[in-house]
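Grab a pencil and let's work through a few exercises together. Try each task yourself before you read the solution below it.

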Amino acid sequence: MANTLVQFRTEENVRLQAIQICEKLGIDLPTYLRMCVARLIQENGIPFSMNVNDVYENRALRAMKTASRIAEENGISDMSLEEINAEIAEARK
């Protein structure tokens, strides 16, 4: 589980706009920030762009929203990438 707090300051309107965009993408702001850090490390650079204009309500997005909701309900939405990979490896045994 994550045990380090990372904080930064931003204007309230920027924070609210970011939250709204994340909600349209089916995630929350902390999840997005964890995704960014994990991918930044994995790719050794900025690896992707996500635009609301490119997101349509489709099966993949619905599945991602459902998975996020289930993870939240089961208290596992803050698992690290390593913990997720360990769970997958265990399930494949």
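**Exercise 1. Decide whether Arg 69 is buried, partly exposed or exposed, and do the same for Glu 73.**

Step 1. Start with Arg 69, which has a relative accessible area of 44%. Partly exposed covers the range between 20% and 50%, so Arg 69 is partly exposed. Keep in mind that this is a predicted model.

Step 2. Now take Glu 73, with a relative accessible area of 55%. Exposed means over 50%, so Glu 73 counts as exposed.

Step 3. How do these two side chains meet? Arg 69 and Glu 73 form a salt bridge, with 3.1 Å from N to O. The cut-off for a salt bridge is 4 Å, so this pair passes.

Step 4. Where do the two sit? Both belong to helix 3, which spans residues 59-73. Arg 69 and Glu 73 are 4 residues apart there, so about one helical turn separates them.

**Exercise 2. Work out how far apart along helix 1 the salt-bridge partners Arg 15 and Glu 12 are.**

Step 1. Check the bridge: the side chains of Arg 15 and Glu 12 come together at 2.5 Å, N to O.

Step 2. Look at the spacing. The partners are 3 residues apart in helix 1, so that's about one helical turn.

Step 3. Add the accessibility. Arg 15 has 35% and is therefore partly exposed. Glu 12, at 45%, is partly exposed too.

**Exercise 3. Describe the salt bridge between Glu 43 and Arg 39 in helix 2.**

Step 1. Get the distance: the N to O value for Glu 43 and Arg 39 is 3.5 Å.

Step 2. Find the spacing. These residues of helix 2 are 4 apart, about one turn of the helix.

Step 3. Classify both. Glu 43 has a relative accessible area of 41%, so call it partly exposed. Arg 39 comes in at 30% and is likewise partly exposed.

Step 4. Put the bridge in context: a search of the whole structure turns up 4 salt bridges, one of them being this pair.

**Exercise 4. Find which residues make the nonpolar surface patch, and place Val 37 in its helix.**

Step 1. List the members: Val 37, Leu 40, Ile 41 and Ile 46. Together they make a patch of about 450 Å².

Step 2. Place Val 37: you'll find this residue in helix 2, which runs over residues 29-43.

Step 3. Ask why Val 37 can belong to a patch. Members need over 30% relative accessible area, and Val 37 has 49%, so it clears that bar and counts as partly exposed.

**Exercise 5. Compare the separation of Ala 18 and Tyr 32 in sequence and in space.**

Step 1. Along the sequence, Ala 18 and Tyr 32 are 14 residues apart.

Step 2. In space, their C-alpha atoms are 9.6 Å apart.

Step 3. Locate Ala 18: this residue lies in helix 1, residues 12-25. Its relative accessible area is 27%, so Ala 18 is partly exposed.

**Exercise 6. Sum up the protein as a whole, from its elements to its surface.**

Step 1. Count the elements: 4 helices and 0 strands. Read from the N terminus, the order is α-α-α-α.

Step 2. Check the burial. Of the 93 residues, 9% are buried.

Step 3. Turn to contacts between residues at least 6 apart in sequence: 51% of them join residues at least 24 apart.

Step 4. Finish with the surface. The protein exposes about 7900 Å², and carbon and sulfur atoms supply 54% of that.

Note on methods. Residues are numbered from 1 along each chain as its sequence is written. This is a predicted model: local features need pLDDT of at least 70, side-chain atom pairs count only at pLDDT 80 or more; totals for chains, interfaces and linings use all residues. Side-chain values use heavy atoms; hydrogens and water are left out. Patches are made of residues with over 30% relative accessible area and no salt bridge: like charges are joined within 9 Å, nonpolar side chains (Val, Leu, Ile, Met, Phe, Trp, Tyr) within 5 Å. Accessible areas come from the Shrake-Rupley method with a 1.4 Å probe; for residues, only the protein chains shown count as cover. Helices (H or I, at least four residues) and strands (E, at least two) are DSSP runs, numbered from the N terminus. Buried means under 20% relative accessible area, exposed over 50%, partly exposed in between (1.4 Å probe, protein chains only). Contact means heavy atoms within 4.5 Å.
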